[in-house]
Amino acid sequence: MRLRLTPRDNTFFDLFAASAQHLVTGANLLSEMLGADRAGRKEINKRIGEAEHLADEATHSIMRRLNQTFVTPFDRDDIYMLASSLDDCMDYMEEASDLIVLYKLEELPARVSDQVQVLQRAAELTAEAMPRLRSMSDLAEYWVEVNRLENQADKAHRKLLAQLFDEITDPILLMKLKEVVEKLEDAADAFEKVANTVETIALKES
């Protein structure tokens, strides 16, 4: 770690940790939604919306703190990028949830569960990693594993698209399901972006 001769605001670490916990909530609710009926999905979607609102508040808190703080724990642009990337993860998960409800989808393909399981694990790893930003220790395993998970998500995404085009004959239903699948893939990409940003920060601070 580089020697710092000026004080820094450590509140950012707590805010990042709080933001990541909302991602765990969102991913777990998304998993719960897959097994619910239509009425249950509406209720779960509402709870995901509440989690997204809390995640937004955490992001705004980070941005406000960034504007008010002279000496930051690490590069200001990296703080902005990390906060924005965490927010993107939650936004994409909420969008997928919204589409499932708005499109009144009945049964979802089994492989959607594979996508959501990847998101759950990525969210858990991210929540575990955020507190370690304070010391910049034991983070390499985090970004390596999230990158591995994103590769796994890519494979699941390709297989699922192939299955949809092979099995779904209704073009409207195909379009709806494809859009949900794409949002879940976007969420996996966003988790990878978080991990890549953490790697950049750790390398700069080493």
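**Salt bridges and the nonpolar core**

I'll start with one pair: Glu 95 and Lys 183 form a salt bridge through their side chains, at 2.9 Å from N to O. Glu 95 sits in helix 3, residues 76-102, and Lys 183 in helix 6, residues 171-205, so this pair ties together parts that are 88 residues apart in sequence. As for its surroundings, Glu 95 has a relative accessible area of 29%, which makes it partly exposed. Keep in mind that this is a predicted model, so every value here is computed from it.

How many salt bridges are there by this rule? The count comes to 8. The general idea is familiar: side chains of opposite charge can pair when their charged atoms come close.

Two others from that set lie within single helices. The first one I'll show is Glu 124 with Arg 121, where the closest N and O atoms are 3.3 Å apart. Both are in helix 4, residues 111-129, and they are 3 residues apart, so about one helical turn separates them. Glu 124 is partly exposed, at 31% relative accessibility, and Arg 121 is partly exposed too, at 34%.

The other is in helix 6, the helix that also holds Lys 183. Here Glu 182 forms a salt bridge with Lys 178, and the closest N and O atoms are 3.4 Å apart. The spacing is 4 residues, again about one helical turn. Glu 182 comes out as partly exposed with a relative accessible area of 23%, and Lys 178 as partly exposed with 29%.

Now to the inside. In soluble globular proteins, nonpolar side chains tend to be buried together. In this model, the largest nonpolar core has 69 residues. Which of them touch the most other members? They are Phe 16, Leu 82, Met 93, Met 130, Leu 133, Tyr 142 and Phe 191. At least two residues of this core come from each of helix 1 (11-34), helix 2 (38-68), helix 3, helix 4, helix 5 (140-167) and helix 6. Helix 6 gives the most, with 14 residues.

Let me take Met 130 as an example. What is Met 130 in contact with, leaving aside its neighbours within four places in sequence? The list is Phe 16, Ala 17, Ala 20, Leu 82, Leu 86, Tyr 142, Val 194 and Val 198.

To close, helix 6 turns up in both halves of this talk: Lys 183 in helix 6 pairs with Glu 95 in helix 3, and helix 6 gives the most residues to the core.

Definitions and conventions
Residues are numbered from 1 along each chain as its sequence is written. This is a predicted model: local features need pLDDT of at least 70, side-chain atom pairs count only at pLDDT 80 or more; totals for chains, interfaces and linings use all residues. Side-chain values use heavy atoms; hydrogens and water are left out. A salt bridge is a side-chain nitrogen of Lys or Arg within 4 Å of a carboxyl oxygen of Asp or Glu. Buried means under 20% relative accessible area, exposed over 50%, partly exposed in between (1.4 Å probe, protein chains only). A nonpolar core is a set of buried Ala, Val, Leu, Ile, Met, Phe, Trp, Tyr and Cys residues joined through side-chain atoms within 4.5 Å. Contact means heavy atoms within 4.5 Å.
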